[in-house]
2 protein chains.
Amino acid sequence: MKESKVPTLKSIAEKLNISVTTVSKALKGYSDVSPVTRQKVLDIAEELNYTPNSIAVNFRTKQSKTIGIIIPEVVHHFFSSIINGVIEEAERQNYFVIILQSNENKEMEKKQVELLISKRVDGIIMSLSNQSNDEDYLKKIIDRNIPLVLIDKISKLIDCSKVIIDDKKAAFDAVNHLINIGCKKIAHIRGPLNPQNSIDRFLGYKTALDHHNIPFDSSLVYPCKRVCYEEGYDFTKQLMNDHPDVDGIFAITDLVAVGALTYLNDQQIKIPNQVAVIGFSNWFMSSVISPKLSTIDQPGFKMGAQAFLLLKEEMESMRNAGKRVCKTITLNTDLIIRESTSK
Amino acid sequence: MKESKVPTLKSIAEKLNISVTTVSKALKGYSDVSPVTRQKVLDIAEELNYTPNSIAVNFRTKQSKTIGIIIPEVVHHFFSSIINGVIEEAERQNYFVIILQSNENKEMEKKQVELLISKRVDGIIMSLSNQSNDEDYLKKIIDRNIPLVLIDKISKLIDCSKVIIDDKKAAFDAVNHLINIGCKKIAHIRGPLNPQNSIDRFLGYKTALDHHNIPFDSSLVYPCKRVCYEEGYDFTKQLMNDHPDVDGIFAITDLVAVGALTYLNDQQIKIPNQVAVIGFSNWFMSSVISPKLSTIDQPGFKMGAQAFLLLKEEMESMRNAGKRVCKTITLNTDLIIRESTSK
DNA sequence: TTGTATGCGTTATCAC
DNA sequence: GTGATAACGCATACAA
């Protein structure tokens, strides 16, 4: 009874004894097909539940209407916000989004790039793993003329479009705020040495100190490897031992800051009176933890949406002019003041 | 200088003055090609940086090696864990994953299904929106013989493979635990009326009361619409007004439970001594909030990985035997006891 | 207004 | 061992 075969233009054509071309044109609303024929085609298509085989269309048109995004990990508020932004905007423009994770692993990232190239996606959005900067496989994307947009975790050495925030300024704002509420000795639990935004946040920290003539003390800087809750906890413990008189902490990200808060809470150290803490990213947790965490709001969703729009521009420019756009969009961040810095 | 054209079998063949067939065979390691020829092909392929055009391959083999997953929203710890599991397992098996969101909207979900069907994905994994159950568009997936696996938010009315937890039992465990620590009057901030797991958790709540001969009081049940932090906060406020003597709260999910905790904290109501609170899902936040939230651990990652494996089984069964597997896998949940229920 | 022919890149069949 | 040929489903240039 049930027609198990998937309907194609051909099966419609055969049913009506007309050519595949006419069916194709009718379905696409071309003007050079008679209203009568068109209606017949439409009816049969409806009846057969026809949907175009998009693989064939992709093959024919050389566009997959699919983009790939490679990020360190989906299970992370900031990255999933980015993904959300990308998907929403992509959807609006009829693009599909394939998600690949690098798990902060350079080899994995390389493999993912190869996969996407082979998959012939129309473009790629990437947030680099902490291990990578100007690796060969990134250059390969460029060489292949595949539209590329880097987002948040970028490399300054790769010439392509980028969507970023001003990490240095944002970090400056955070530390400046700590100083303004009276902190004199501020520690920085920083990220790994390689990633650009980790570097920039560190520079922002340093600049803010400079700005207020507070001498920089490298022993107050603790570098995370995995940038996790535990490191926030452990480094704070170490910090409070090394420098019992510290009165402010700027953490590379909220997760680390929450680890810091937890240690301070455990030790009954008063926040913010004895030690003020500020994080970075503004993920949901920050607003419900006790004390509520001050932080820098990083517009993940918006960054994702912008990245897609920029990628689309790249794709069009590449098709039409055969060259890249290479624009960098810097989105604003906001200082969010909550209990952990409200003296 | 740079070869702007993407290398194909043909370009390799031309360079070597051999046939496309031979190139194809050589690249795929067929035995009926001489070692010499093979090496030459391999060398040129390497030199040209050849990667097979997978769109063409998909077209030819009628497999896209791509699956689609439709979930309510990515920016949610549980769902992103599921995605993580799906992606990791898919990657291991050389599949790509396209992610689509329904935003808890039935119309959107329907549209996403149509898109995936048209995209000719090899299979679909879905976590249903709160609005849907046995909608036509789900049946359409079945009718089209597209492998389908429902995960977590399922419909009992659709006959396909499923990956779930035993929501009723898990909820029973949670409420049973509240009773065991001495709670006599337990409220339930439940989910919407439609979703199966919201129903099952409610039933688990009721069964646990029954089990201990505690009369069920429907006025102690508050139904969320959006299942968010604010609802947790507001319903708890309402609850404490309606029933000042309540001593336990079972919330449909951690997010709601955290809203409840916040209200109780704000009102200086002692947790757990005056009111004990337990959530559901065990997302990261629960373990760092104050007081630390007791909850039910829901293995999102594992569910996602299982869902992919089951989908693969479906895909193979469909190809080989032309029929579905329709297996239901129920994963274990764990009761996580933390401060919010440690009297 | 309709239809014919061609090709996209790959793979499978079958002949040489 | 090798290669010519067809086929997958669709879109387009062009012919009728």
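Ala, Val, Leu, Ile, Met, Phe, Trp, Tyr, Cys and Pro count as nonpolar, Asp, Glu, Lys and Arg as charged, and the others, Gly among them, as polar. With that sorting in hand, let us tour a predicted model, one close-up at a time.

**View 1. Chain B meets chain A across a shared interface.** Begin with the two protein chains. Here 53 residues of chain B are in contact with 54 residues of chain A. Together the chains bury about 4800 Å² between them, and carbon and sulfur atoms give 57% of that area. Look for I55(B), F96(B) and R120(B): these residues supply 14% of the area that chain B buries against chain A, more than any other three residues.

**View 2. Polar contacts and salt bridges link chain B and chain A.** How many salt bridges are there between chain B and chain A? The count is two. In one salt bridge, E91(A) pairs with K111(B), and the closest N and O atoms are 2.8 Å apart. The two chains also have 24 residue pairs in polar contact, counting pairs with both residues at pLDDT 80 or more. Several elements of chain B give two or more residues to the side that touches chain A, including the helices α5 (77–92) and α6 (106–119) and the strand β2 (96–101). Sorted by class, this side of chain B has 28 nonpolar, 16 polar and nine charged residues.

**View 3. Residues of both chains surround DNA strand C.** Now turn to the DNA. Around DNA strand C there are 26 residues, and the closest are T21(A), D32(A), L9(B), Y50(B) and R60(B). Of the atoms of DNA strand C that come within 4 Å of the protein, sugar and phosphate account for 56%. The surface near this strand has eleven nonpolar, nine polar and six charged residues.

**View 4. Phosphate oxygens of DNA strand C lie beside T22(A), S34(A) and N53(B).** Which part of T22(A) has an N or O atom 2.8 Å from a phosphate oxygen of DNA strand C? For T22(A), that atom belongs to the side chain. S34(A) uses its backbone instead, with an N or O atom 2.9 Å from a phosphate oxygen. In N53(B), a polar backbone atom is 3.1 Å from a phosphate oxygen of the strand. The elements that give two or more residues to the surface near DNA strand C are α2 (20–27) and α4 (54–61) of chain A, along with α2 (20–27) and α4 of chain B. The largest share, four residues, comes from α4(B).

**View 5. DNA strand D also has residues of both chains around it.** Of the 25 residues around DNA strand D, those that come nearest are L9(A), Y50(A), R60(A), K25(B) and D32(B). Sugar or phosphate makes up 54% of the atoms of DNA strand D within 4 Å of the protein, and the rest belong to bases. By class, the nearby surface divides into ten nonpolar, nine polar and six charged residues.

**View 6. Side chains of K25(B), R60(B) and K62(B) approach DNA strand D.** Follow the side chain of K25(B) to find an N or O atom 2.7 Å from a base oxygen of DNA strand D. The side chain of R60(B) has an N or O atom 3.5 Å from a base nitrogen. For K62(B), a side-chain N or O atom lies 2.8 Å from a sugar or linking oxygen of the strand. Helices α2 and α4 of chain A and α2 and α4 of chain B each give two or more residues to the surface near DNA strand D. Which element gives the largest share of that surface? It is α4(A), with four residues.

Note on methods: Residues numbered from 1 in each chain as written. Chains lettered and ligands numbered in written order. Predicted model: local features only at pLDDT ≥ 70, side-chain atom pairs only at ≥ 80, totals over all residues. Heavy atoms only, no water. Contact = heavy atoms within 4.5 Å. Buried area = accessible area lost by both parts, 1.4 Å probe. Salt bridge = Lys/Arg side-chain N within 4 Å of Asp/Glu carboxyl O. Polar contact = N/O pair within 3.5 Å; in protein donor to acceptor, adjacent residues only side chain to side chain. Near = heavy atom within 4 Å.
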